[in-house]
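Reader: I am new to this structure and would like to go through it slowly. Could you show it to me before we begin?

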Amino acid sequence: MKKIAIVTDSNSGITQEMAQDLGVFVIPMPFLINGETYYEGVNLSQQQFYEKLADDAEICTSQPLVGEVLKLWDSLLETYDEILHIPMSSGLSGACATAAVLAEDYQGRV
């Protein structure tokens, strides 16, 4: 039986703590807030996000950095046979299309 890692991003609603309990891997989504980069669930809690939003902060979203995705995949493929990567919806972000293009270099393992 193949050993399969499940990867998603923090837009899934799965926190880093929940991910550990569930045995899944969550890539934190980056936010630019007033020119500073924050990562959901790492150095920005949901409460902090909403506080900044209420304070009329300038907020932009972004997709995960390609290098971070590849680093995680490469690390996981040292232990796992395959990765099931479930990104944010393609209708809401380019993260899905980016992951699909990146996965082409992994010979069907992602």
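Author: One definition helps at the outset: Ala, Val, Leu, Ile, Met, Phe, Trp, Tyr, Cys and Pro count as nonpolar, Asp, Glu, Lys and Arg as charged, and the others, Gly among them, as polar. The model is predicted, with local features needing pLDDT of at least 70 and side-chain atom pairs pLDDT 80 or more, while totals for chains, interfaces and linings use all residues. Residues are numbered from 1 along each chain as its sequence is written, and side-chain values use heavy atoms, without hydrogens and water.

Reader: How do the residues of the lining of the largest pocket divide by class?

Author: A pocket is an open set of points on a 1 Å grid over the protein atoms alone, where a 1.4 Å probe fits, with protein on both sides within 12 Å along at least five of seven lines, and lining residues have an atom within 4 Å of a point. Closest to the centre of the largest pocket, among its 16 lining residues, are V26, I27, P28, E68 and L72. The lining divides into eleven nonpolar, three polar and two charged residues.

Reader: Which element gives the most to the lining of the largest pocket?

Author: Helices (H or I, at least four residues) and strands (E, at least two) are DSSP runs, numbered from the N terminus. Two or more lining residues come from each of α1, β2 and α3 (66-76). The one that gives the most, with five residues, is α3.

Reader: What is the order of strands in the open sheet?

Author: Strands pair if DSSP finds at least two bridges between them, and β3 (residues 30-33) pairs with β5 over three bridges in the antiparallel sense. The edge strands, each pairing on one side only, are β4 (36-39) and β5 (59-61). The order is therefore β4-β3-β5.
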